[in-house]
Amino acid sequence: MNLGLGNRIKQLRKLRGLTQDRLAEIMDISRVTISVWETDVNVPSAESIVELANILNVSTDFLLTGTQRDRDISQMSDKAAIFCELFDALPEASQIEVVKFLEYQEYLLKSSN
């Protein structure tokens with residue numbers, strides 16, 4: 001199930017540990033603006049989409065559609081291609097949990113160095 005843009009912004013914001021207030025501060029806009037985006041009352045401008053994608057560490061394509069269209073599986077290792085296929089088949093909430101797990105593993109790896 002693909003979430004709409006507003007829900008995707010909200011999920012990614014939470015995944016990155018950002019409050020609406022903090023995201024608004026980073027973008028130099030009001031918290032109310034973030035709220036109306038997340039509730040699909042209004043949509044971000046093209047410039048704001050690019051800024052959001054950078055802040056949330058996703059492509060604009062993923063932010064807008066929930067899919068990563070520019071991924072070339074033929075250039076990946078077999079394990080990476082299998083992972084991507086499995087990941088894409090997961091519901092969005094499960095994808096977020098997988099990302100959290102991987103970020104935690106990366107944190108542990110960096111902490112041990």
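Is Ile-82 buried or exposed, and at what relative accessibility? In this predicted model, Ile-82 counts as exposed at 52% relative accessibility, and the legends below return to this residue after an overview of the protein.

**Figure 1. Overview of the predicted model, a protein with seven helices and zero strands.** From the N terminus on, the elements run α-α-α-α-α-α-α, and the C-alpha atoms fill a box of roughly 45 × 35 × 20 Å when it is taken along the principal axes. Of the 113 residues in the protein, 28% are buried, while the accessible surface comes to about 7400 Å², with 54% of that area belonging to carbon and sulfur atoms. Among the contacts with a separation of 6 or more, 51% are accounted for by residues that stand 24 or more positions apart. The protein carries 12 positive and 17 negative charges, and the mean positions of these two sets are 5 Å apart.

**Figure 2. Close-up of the packing between helix H2 and helix H4.** Helix H2, which covers residues 20-27, packs against helix H4, which covers residues 46-56, at an angle of about 120° and with the two axes 11 Å apart. The crossing in which H2 passes H4 is right-handed. On the H2 side the contact is made by Leu-23, Ile-26 and Met-27, and on the H4 side by Ser-48, Glu-51, Leu-52 and Ile-55.

**Figure 3. Close-up of the loop between helix H3 and H4, with Asp-40 and Val-41.** Asp-40 is found in this loop, which follows helix H3 (31-38) and leads to H4, and the phi of Asp-40 is near 60°, a positive value in a residue other than glycine. For context, most residues other than glycine have a negative phi. Asp-40 counts as partly exposed because its relative accessibility is 43%, a value that lies between the 20% and 50% limits. Val-41, found in the loop between H3 and H4 as well, has a relative accessibility of 63% and therefore counts as exposed. Val-41 and Phe-83 are 42 residues apart in sequence, and their C-alpha atoms are 35 Å apart in space.

**Figure 4. Close-up of Asn-57 in the loop between H4 and helix H5.** The loop that holds Asn-57 lies between H4 and helix H5 (60-65). Although Asn-57 is not a glycine, this residue has a positive phi of about 60°. With a relative accessibility of 60%, Asn-57 counts as exposed, because the cut-off for that class is over 50%.

**Figure 5. Close-up of Ser-35 in helix H3.** Ser-35 has a relative accessible area of 21% and is therefore partly exposed, since the buried class requires a value under 20%. Ser-35 and Asp-21 are 14 residues apart along the chain, and a distance of 9.6 Å separates their C-alpha atoms.

**Figure 6. Close-up of Ile-82 in helix H6.** The helix that holds Ile-82 spans residues 78-89. The relative accessibility of Ile-82 is 52%, so this residue counts as exposed, given that the class begins over 50%. Between the C-alpha atoms of Ile-82 and Lys-100, which are 18 residues apart along the chain, the separation is 19 Å.

**Figure 7. Close-up of Glu-92 in helix H7.** Glu-92 lies in the helix that covers residues 92-112. A relative accessibility of 5% is the reason why Glu-92 counts as buried, as the cut-off for that class is under 20%. Glu-92 and Gly-66 are 26 residues apart in sequence, whereas in space the distance from C-alpha to C-alpha is 8.3 Å.

How values were computed:
Residues numbered from 1 in each chain as written. Predicted model: local features only at pLDDT ≥ 70, side-chain atom pairs only at ≥ 80, totals over all residues. Heavy atoms only, no water. Helix = DSSP H or I, 4+ residues; strand = E, 2+ residues; numbered from the N terminus. Buried < 20%, exposed > 50% of the residue type's maximum accessible area, 1.4 Å probe, protein only. Contact = heavy atoms within 4.5 Å. Areas by Shrake-Rupley, 256 points an atom, 1.4 Å probe, with all protein chains shown as cover. Lys, Arg positive; Asp, Glu negative; His and termini not counted. Charge placed at Lys NZ, Arg CZ, Asp CG, Glu CD. Axes fitted to C-alpha atoms, helices over the stretch in contact; angles between N-to-C directions. Left-handed = near helix turned anticlockwise from the far one by under 90°.
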